[in-house]
Amino acid sequence: MRKIRALYANLRIKHKLFLLLSAVLLTVAVLGGVLQQYAFDIYDQKIYEQSAKALSLSAVSIENELRKIEQLSYTIATDTKVQEYLRTIKSGGTEYDNYVLQMNIQDRVVNLGGLDKYIHSVQLYDVHDKAYATGVRTINLSSSRLERLKLETKRNEGGNTWVAPGEGDSSLSAAREIRSYKNLDMDYLGTIVVRVDAVKLFHDLSAGLDSSGANMMIARGAELIYPDKAIFSVEELLSLTDGSSGYRIMEREGNSFFVTYVASSRMNWYYYTIISFDDIFRNLVWVKNFVIAAFGLLFIISGIFALRVANGITKPIERLNANMKRIQLGYFDYVEDPAERALAMDEVGQMQRNFRIMVERINELIHENYVKQLAIKDTQFKALQANINPHFLYNTLDSINWSAKMSNQLQISQMVEALGSLLRTSINLKESIIPLRKELEIVNHYITIQTFRFEERLDFKLDVPEELLSCGLPKLALQPLIENAIHYGLEEMIDSCTISIQAYTEEGFLYIVVRDNGPGMEQAYADKLLSGEVKTKGTGLGLRNIDERIKLLYGEEYGLHVSSQPNEGAAVSLKLPDERKD
């Protein structure tokens, strides 16, 4: 798996795009095939439902007609006159008497409805097996056919028995024994056989199936009732049924057939419809093949299109990569490709143009830096020349200090000493980050000077634990805050002003708060001071300068926060990392 991932990761972008598009098309093709097969299954189910519905309706119509024929056979078998004629024949008589009885039986059968349109003939057989027939197609049943009819009706104990065509008779026969019910002696008087025109009956009542190209079959067990010949044998169809209804697809001589079967609700029969599967699905198969061909063509076209799109994306990237390698070798004179100016304004084109601008800017910065280095050298030389200026200032302050002492002006002497110490500390400390102890020394010198100015009106308090004096902070981070407190607090008050410095740690951070009880200000004005929109009255090292220096040194989560409300004073807090050094 790792090798495959590594191989894919090292492929060129256009090959990755081609593989991605191919995977998408393949997925769509698979889903399309699954959905298509699902649609075919639904279509099979719909065909089955329609076929089963039509077959059930035809079966109900057929069985209703057959029930009428059963009722006719029962009516004839139980007719008093028919029974009387048969009892007379059984008791014996002359040939003339038997002829008269034969005519009477035929007339009686006709009167009872023996000439129905689906009946070939109604044939009665007396105890001597002599036939009395009437109808449009009377025949002489063979002895084997007659014996079979008598045997099956005897098994059914007088009930109606349907006998399939066979033994020289192509008609479906409804047969039953005729027994005398006079005095309830149940003597055997004969057999009645109603021969049904099955072809006409099934054809008329299954016209809906025939119109859809379907062929109907009716079977009872292993016996074929309709038609005489069928596409499939009864044994093959029996293998489908399990006592319920359903459908199957069967093969015969390279052709497929859709077979629907329904069990009879009152007879031990099965009804089958056989529809040519190829006729049903010819259009669907054509659509399926068309979809497959369309997917193949779409895959080829999409592959070509994907390669062209990939080349359009990767060629500018390849040119950009070549230019990067050239810059890597130290050649900053950018060589522009003539085709680069015609790049589109997409992400790749913008990246190419931005790289060109970046290289041009780098080249400018190289030349600018070279000029700046010359200027720095010149500045350093001038700074060495001006190095005597601070020493001259210190010497002058010392002279003033001694003159003040000699004149017994102690306040002037202390102010000059504090000013000299403040200048020496501020100028001589070269580090950007100094211990809190050093910063507080600068603050103390500044407070000393301001105390001589404001006397008892300035109340300065310091609350810094000893262990925090070694924590680092940017140089001149507190003195400007004290100066702002004097300008915005003390100078605006008549009474005394308390200015305090408090330091504490919390959750790994060092917090230093400069607070005063001056007149305060609106929070919006304080926010403007912090953003630099309002200039301070102090040295020029504003709140924004201190905040930016802290963020540059430590990160965006650190910095300065001002909190103030009118008549409630102001508090400026510094959030710094808790880093302590010896």
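In this predicted model, Arg-137 counts as partly exposed, at a relative accessibility of 45%. The residue is placed in the loop that runs between strand S2 (131–135) and helix H5 (143–155). Although Arg-137 and His-120 stand 17 residues apart in sequence, their C-alpha atoms are 4.9 Å apart in space. A second pairing across the sequence involves Leu-172, which belongs to strand S4 and is buried, with a relative accessible area of 0%. The C-alpha atom of Leu-172 is separated by 9.6 Å from that of Ile-119, a residue 53 positions away along the chain. Gln-50, in helix H2, provides a further case: its C-alpha and that of Thr-260 are separated by 9.8 Å, with the two positions 210 residues apart along the chain. Gln-50 has a relative accessible area of 54% and is therefore exposed, since the cut-off for that class is over 50%.

Helix H2 (13–78) and strand S4 (172–179) also take part in the largest pocket, where each of them supplies at least two residues of the lining. The volume of this pocket is about 170 Å³. Its lining is made up of Tyr-74, Ala-77, Thr-78, Gln-83, Glu-157, Gly-158, Arg-176, Glu-177, Ile-178, Arg-179, Tyr-181 and Met-186. Strand S4 accounts for the largest share of that lining, with four residues. When the lining of the largest pocket is divided by class, five residues are nonpolar, three are polar and four are charged.

Gln-83, one of the residues lining the largest pocket, is also among the buried residues of helix H3, together with Val-82, Tyr-85, Leu-86 and Ile-89. These buried residues lie on the same side of H3, because the arc that they cover around the axis is only 160°. Helix H3 comprises the twelve residues 80–91, and the distance from its first C-alpha to its last is 16 Å, close to the 16 Å expected at 1.5 Å a residue. At the N-terminal end of H3, Asp-79 acts as a cap, with a side-chain oxygen placed 3.2 Å from the backbone nitrogen of Lys-81. Beyond the other end, H3 is followed by Gly-92, which has a positive phi, near 100°.

A one-sided arrangement of buried residues is found in helix H6 (residues 198–205) as well, where Ala-198, Leu-201 and Phe-202 are buried. Viewed down the axis of H6, these residues fall within an arc of 90°, so they line one face of the helix.

Enclosed space was examined in addition to the open pocket. Rolling a probe the size of a water molecule over the atoms shows where empty space is left. The structure holds one cavity of 30 Å³ or more, and the space within the largest cavity amounts to about 200 Å³. The lining of this cavity consists of 17 residues, and those nearest its centre are Asn-484, Asp-516, Met-521, Ala-570 and Val-572. Helix H14 (479–488), strand S15 (509–516) and strand S17 (570–577) each contribute at least two residues to the lining, and H14 gives the most, with four. By class, the lining of the largest cavity divides into eleven nonpolar residues, five polar residues and one charged residue.

Backbone angles were also considered in the loops. Most residues other than glycine have a negative phi. Glu-455, by contrast, has a positive phi, near 55°. The position of Glu-455 is in the loop between helix H13 (436–454) and strand S12 (458–463), and its relative accessibility of 47% places it in the partly exposed class. A positive phi is likewise found at Asn-567, where the value is near 65° and the residue is again one other than glycine. Asn-567 lies in the loop between strand S16 (559–564) and S17, the latter being a strand that supplies at least two residues to the lining of the largest cavity. With a relative accessible area of 71%, Asn-567 is exposed.

Conventions:
Residues numbered from 1 in each chain as written. Predicted model: local features only at pLDDT ≥ 70, side-chain atom pairs only at ≥ 80, totals over all residues. Heavy atoms only, no water. Expected span 1.5 Å × (residues − 1). Buried < 20%, exposed > 50% of the residue type's maximum accessible area, 1.4 Å probe, protein only. Arc of directions from axis to C-beta. Polar contact = N/O pair within 3.5 Å; in protein donor to acceptor, adjacent residues only side chain to side chain. 1 Å grid on protein atoms, 1.4 Å probe; cavity = no way out; pocket = protein on both sides within 12 Å on 5 of 7 lines; lining within 4 Å. Points joined across faces, edges and corners; volume = space filled by probe spheres on them. Nonpolar A, V, L, I, M, F, W, Y, C, P; charged D, E, K, R; others polar.
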